[in-house]
Amino acid sequence: MKFFIDTADLEEIKAAKDLGVLDGVTTNPSLVAKIVQDPDNFTYKDFKDHIARICEIADGPVSAEVTTLTAGEMIAQGEDLASIDDNVVVKCPLTLEGLKAMRHLSGSGIRINATLVFSPAQAILAAKAGAAYVSPFVGRLDDISTEGMALVEQIVGIYDNYRFPTEVLVASIRHPQHVVEAALIGADVATIPYKVIGQLVKHPLTDTGLKRFMDDAAVIRNG
Ligand code: G3P
């Protein structure tokens, strides 16, 4: 299972990379907005420069999302974003216009992450459009009292049936159990907020066990 970090924060990306478990990065406009210090002067060029900086840090795929709505605009922007770095994956929303853009961009060799996916039907379309990744948003489904992980299970089953090469990238992860459940189902990728990566490490028995080992290690004398 691959671990991506779901952030646009360069420090978080560096910290996750230092842990040695980082396989890629996903961003979206909301995550980018969080790191903008001067919103009145943040241009499209600044956005592209920021994606370039992420690519310099991360060794794997970096998802950059289009900020346009029509297929023509998404295609033009997708080609522009993909020109930033070979590792850029263009994120397009699963709408009718997004679908057309995905088909066109994937046909020209640009890797696509189909985003805002909330149903198995949308996931089938993403695969048929040649998306490299499909992003089911589990946390947002949980938020409306729907079992988000059931969607992941359905997508993995459908993709297995037809041997679709599209990778299932579980997004909108809110806690470590989401990561574990995604792994049990066999999802290809989990994109995880930095805070949740930290939570994956923690177990109270590890902390108390370590304290006891350190206390008992006092009997081991130098020399
Ligand atoms: O990157 C897309 C997704 O992970 C967003 O998560 O927490 O805004 O639902 P969230």
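Student: What makes the pair formed by Arg140 and an oxygen atom of the ligand a polar contact?

Tutor: An N or O atom in the side chain of Arg140 is 2.7 Å from an oxygen atom of the ligand. A polar contact is a pair of N or O atoms within 3.5 Å, so this pair qualifies. The model is predicted, with pLDDT of at least 70 required for local features and 80 or more for side-chain atom pairs, whereas totals for chains, interfaces and linings use all residues. Residues are numbered from 1 along each chain as its sequence is written, and side-chain values use heavy atoms, without hydrogens and water.

Student: Which distances place Lys91 and Arg174 under that term?

Tutor: Polar side-chain atoms of Lys91 and Arg174 lie 3.2 Å and 2.8 Å, respectively, from an oxygen atom of the ligand. The protein buries 82% of the 310 Å² that the ligand exposes when taken alone (Shrake-Rupley method, 1.4 Å probe).

Student: Why are Asp6 and Phe137 listed around the ligand?

Tutor: Both belong to the residues around the ligand, because a residue counts as near when one of its heavy atoms lies within 4 Å. The shell divides into 2 nonpolar, 2 polar and 4 charged residues.

Student: Why is the ligand said to sit in the largest pocket?

Tutor: The ligand sits there, which means that more than half of its atoms lie within 2 Å of the pocket's grid points. A pocket is an open set of points on a 1 Å grid over the protein atoms alone, where a 1.4 Å probe fits, with protein on both sides within 12 Å along at least five of seven lines; lining residues have an atom within 4 Å of a point.

Student: What lines the largest pocket?

Tutor: Its lining comprises 24 residues, with Asp6, Asn28, Leu31, Lys34 and Pro193 nearest its centre. Helix 2 supplies the largest share, 4 residues.

Definitions and conventions. Polar contact = N/O pair within 3.5 Å; in protein donor to acceptor, adjacent residues only side chain to side chain. Nonpolar A, V, L, I, M, F, W, Y, C, P; charged D, E, K, R; others polar. Helix = DSSP H or I, 4+ residues; strand = E, 2+ residues; numbered from the N terminus.
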